[in-house]
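Work through the exercises below with the model open beside you, and try each task before reading its solution.

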Amino acid sequence: MNARSEKLSALGIGPFWLRRELLAELRTEAAVAQADTPPAQAAPAPETAAPATLAGHGTPVGHGTPIARTAQKLLEQVTRAANPLLQQRHQQTLQQAARTADGAPADERGARIAMLDWQALQDEVAGCRACGLCEQRTQTVFGVGQTRPEVVVVGEAPGAEEDRQGEPFVGAAGQLLDNMLKAVRLSRREQVYIANVLKCRPPGNRNPAPAEVTQCSVFLDRQLTLLQPQVIFAVGRFAISHLLGSDAPVSALRGKVHEWRGIPVIVSYHPAYLLRNLPDKSKAWSDLLLLENTLAQKRG
Ligand code: SF4
């Protein structure tokens, strides 16, 4: 082996600037595929194989030498094997990405959920096992309040108490939310509906994982479409991020009227955050006033 070959070998690179392990893998898969394929369906050998060239260099390989014969054979095998195998792998990856945890294609599940009526949606959530959060929940937490609401409050996910009681925003954060709503003459039992992005509790109250939000947010989207509130009040970054499709911090998004499918959206801090960060309560108060003004405009 000359010095150049030794260096290429040390780098794990073959004569066609392919990684040796990929080359070996492709050759093995090609052999298996050929064994599995009836002769009549075997891919035809490329008609342009001669004269063979070193891939990426365009330099003809001389015929007759053992190295040239091996090189040409390998090139033909790789050309024949690589395209269908790589296409097959790409297709498998796409199909896997499009599948949900319960096995249905993601767009098919989403399309089906987007057609459900209120009762069917509640039943679907109650029995949902589309992500791993179903394993540890006590129960799903669908939402609470008026089904002809002026305002829908959207939060993040159930905590321990919500998981136990089956209702969103109970406990200290729930009391603060009720007081915030009361300050602008709203009540969760009369003008408001409250729901979360996730319907099951993440263990240890950890942040929702992106895959969980993807699986579960179709329920929230359907709830909002059926409820058609005058205004959406989104609290906390996960609710805001889902509804606005923005990862900007709450501080950068608050103070403006946004929109979700034609419905005005006001954003603010999550009540649980406000309990730990009292100075931001004054900003939340401004957000509530913006909510009140936007609602007054919608009422005419
Ligand atoms: S969090 Fe949502 S998607 Fe996951 S199991 Fe619960 S209801 Fe289903």
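The exercises that follow go from the sheet to the core, the ligand shell and two loops.

The model is predicted, so local features are reported only at pLDDT of at least 70 and side-chain atom pairs count only at pLDDT 80 or more, whereas totals for chains, interfaces and linings use all residues. Residues are numbered from 1 along each chain as its sequence is written.

**Exercise 1. The sheet**

Determine the strand order of the open sheet and state which strands stand at its edges.

Solution. Helices (H or I, at least four residues) and strands (E, at least two) are DSSP runs numbered from the N terminus, and two strands pair if DSSP finds at least two bridges between them. With these terms, the open sheet has six strands in the order E1-E3-E2-E4-E6-E5, with mixed pairing. Strand E1 (144-145) and strand E5 (258-260) stand at the edges with a single partner strand each, so one side of each is left without a neighbour in the sheet.

**Exercise 2. Strand E4**

Describe the pairing of E4 with E2 and E6, and decide whether the residues of E4 are buried or exposed.

Solution. Begin with the pairing: strand E4 (residues 231-235) joins strand E2 (residues 151-155) in the parallel sense over four bridges, and E4 and E6 also pair in the parallel sense over four bridges. On the E2 side, Val 152 stands opposite Ile 232 and Val 153 stands opposite Phe 233, while in E6 the bridge partner of Ile 232 is Val 265.

Next comes burial, where a residue is buried if 20 or more other C-beta atoms (placed from the backbone) lie within 10 Å of its own, exposed if 12 or fewer, and partly exposed in between. Five of the five residues of E4 are buried, so E4 is largely enclosed by the rest of the structure. Val 231, Phe 233 and Val 235 point one way from the strand, and Ile 232 and Ala 234 the other way.

**Exercise 3. Core and ligand shell**

Identify the residues with the most contacts inside the largest nonpolar core, and those that come nearest to the ligand.

Solution. A nonpolar core is a set of buried Ala, Val, Leu, Ile, Met, Phe, Trp, Tyr and Cys residues joined through C-beta atoms within 7 Å. The largest one has 54 residues, and those with the most contacts inside it are Val 153, Val 154, Val 197, Phe 233 and Ala 234. Helix H8 (residues 210-227) gives the most to this core, with six residues.

For the ligand, a residue is near if its C-beta atom, placed from the backbone, lies within 6 Å. Of the 14 residues around the ligand, Cys 128, Cys 131, Cys 134, Cys 200 and Cys 216 come nearest, and H8 again gives the most to the shell, with three residues.

**Exercise 4. Two loop residues**

Compare the surroundings of Phe 169 and Asn 205, and state where each is placed.

Solution. Phe 169 is found in the loop between helix H6 (160-165) and helix H7 (171-183), and its phi is near 55°, a positive value in a residue other than glycine. Asn 205 lies in the loop between strand E3 (192-196) and H8, and phi of Asn 205 is likewise positive, near 55°. Most residues other than glycine have a negative phi. As for burial, Phe 169 counts as buried because it has 28 C-beta neighbours inside 10 Å, whereas Asn 205 is partly exposed, with 13 other C-beta atoms within 10 Å.
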